[in-house]
Structure formats: structure tokens, C-alpha cells
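Colleague: Please show me the sequence and the structure. I should then like to put some questions about them.

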Amino acid sequence: MLGLMAPDYLEREVYCCGPEPFMQTVREMLIGFGFDMDHYHQEAFTGPPVLTPADAPELDDVVPDAEAASEVIFTMSGRSVPCTEADTILAVSRTAGLNIPSGCNFGVCGTCKTRKLSGEVHMVHNGGISEDDIAAGYILACCSLPMGRVEIEA
Ligand code: FES
């Protein structure tokens, strides 16, 4: 949605205000899309004012490491692709020459839904997958980052 409303948002200042789970989701989405977090600002609903950097609360955001080795195994095609935590499953599948169908590429349409058989991904979607599907092991390949070794049914 943000990409549709402000296509140049990666080059803008971002100001965010809301409950912490909302702001964490926004931060992780921006990090996932490569946003320079020096241009991110937020205001919390609660807590004491932050007057100095030392007053800032600890954040436990997942920050994918572009240097951290991961691996995606596509079980149906038998392809195993080395990658990093910063690569989406969809991008890795294309490197392997596979064609996981996709549409929006930012977690809304659900076209890239695929099943994860093992391993962990960090997925920040925009409503394109239901909680039931997630519980059943499905992910959206366009907005899921492999955290280590991951097996995908593709
Ligand atoms: S391509 Fe639309 S949700 Fe992944």
C-alpha cells in the first residue's frame, strides 16, 4: 500500500506513531525493503519522553544480515541455493531458475503463497496470507527471508 501511495518512500523521511507492535511491523517492513533507518523517526504512545539517545528504548527488531549465510532447498525441483538472510525466497527461487508465480511483490495479493517444509523465515507481509495458512506452514515467498536453512515445496 505504501509503495502504491508513495512510490519513492525509500528516499523519504518516515515518521511513524502508534502502538509498539504496529511500529515494529513498520520498522521490519522498511528494513526488509532496504530502507536507510537513519531516515526513520517514531513517536511512542506511552513511556517517558526520549530526550537523549541514551533514553531510547531497546528495540528487538529482526534485522536481516546480508552477510549471514542461508540456504534454500526447493524440494520438488531438487535445487539447493546458497543465499543470505537478506534475500527473499522469491528472489532465490528465480536465481534457481524456478517460477513461483507472483504479482504485487509486497505481500498483498497472495499469489506467491508457497509451503515451507522446514526451517525459519522472517516474513513481514501486508495481509496477503491468513493466520490459518501461516499455521499450516504457508509463507509468502516475496516477503519471506530465509533465516538459515529452509526447505520450500517448489
Ligand atoms: S507476490 Fe503478491 S503477495 Fe507475494
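Modeller: Two strands pair if DSSP finds at least two bridges between them; helices (H or I, at least four residues) and strands (E, at least two) are themselves DSSP runs, numbered from the N terminus. The model is a predicted one, in which local features need pLDDT of at least 70 and side-chain atom pairs count only at pLDDT 80 or more, while totals for chains, interfaces and linings use all residues. Residues are numbered from 1 along each chain as its sequence is written, and side-chain values use heavy atoms, with hydrogens and water left out.

Colleague: Which residue in the turn between β3 and β4 has a positive phi?

Modeller: β3 and β4 run antiparallel and are joined by 6 bridges. Across this pair, S70 stands opposite C83, and E71 has P82 as its bridge partner. The two strands form a hairpin with 4 residues between them. In that turn, the residue with a positive phi of about 75 degrees is G78.

Colleague: Which residue of β9 is the bridge partner of F74?

Modeller: β3 also pairs with β9, in the parallel sense and over 4 bridges. Within β9, the bridge partner of F74 is I152.

Colleague: Which strands are the edge strands?

Modeller: An open sheet of 5 strands is formed in the order β4-β3-β9-β5-β7, with mixed pairing. Two strands in this order pair on one side only, and these edge strands are β4 and β7.

Colleague: By how many degrees are neighbouring strands of this sheet turned against each other on average?

Modeller: The sheet in question is the open one of 5 strands. Axes are lines fitted to C-alpha atoms, for helices over the stretch in contact, and angles run from 0 to 180 degrees between N-to-C directions. With direction ignored, the average turn between neighbouring strands is 40 degrees.

Colleague: Which element gives the largest share of the largest nonpolar core?

Modeller: A nonpolar core is a set of buried Ala, Val, Leu, Ile, Met, Phe, Trp, Tyr and Cys residues joined through side-chain atoms within 4.5 Å, where buried means under 20% relative accessible area, exposed over 50% and partly exposed in between (1.4 Å probe, protein chains only). The largest core has 22 residues, and V72, F74, I89, I100, M123 and I152 have the most contacts inside it. Two or more residues come from each of β3, β4, α3, β6, β7 and β9. The largest share, 3 residues, comes from α3.

Colleague: How many residues does the second, separate core have?

Modeller: F74 is in contact (heavy atoms within 4.5 Å) with residues beyond four places in sequence, including V81, I89, I100 and I152. Apart from this core lies a second one that includes A6, Y9, C16 and L30, and its number of residues is 11.

Colleague: Is R27 buried or exposed?

Modeller: R27 lies in helix α2. Leaving out residues up to four places away, R27 touches E20, M37, Y40, Q42, L59 and D61. Because its relative accessible area is 1%, R27 counts as buried.

Colleague: Which residues are joined into one network by salt bridges that share partners?

Modeller: A salt bridge is a side-chain nitrogen of Lys or Arg within 4 Å of a carboxyl oxygen of Asp or Glu, and the count comes to 6. R27 forms one with E20, at 2.6 Å between the closest N and O atoms, and another with D61, at 2.5 Å. A further bridge joins K113 to D133, with 2.8 Å between the closest N and O atoms. Through shared partners, one network joins E20, R27 and D61.

Colleague: How far apart in sequence are the parts tied together by K113 and D133?

Modeller: The salt bridge between K113 and D133 has its closest N and O atoms 2.8 Å apart. K113 lies in strand β5 and D133 in helix α4, so the parts tied together are separated in sequence by 20 residues.

Colleague: How far apart are the end C-alpha atoms of α2?

Modeller: The buried residues of α2, among them M23, V26 and L30, pack against α1, β1, β2 and β6. The expected span of a helix is 1.5 Å times one less than its number of residues. For the 13 residues of α2 this gives 18 Å, which agrees with the distance between the end C-alpha atoms, 18 Å.
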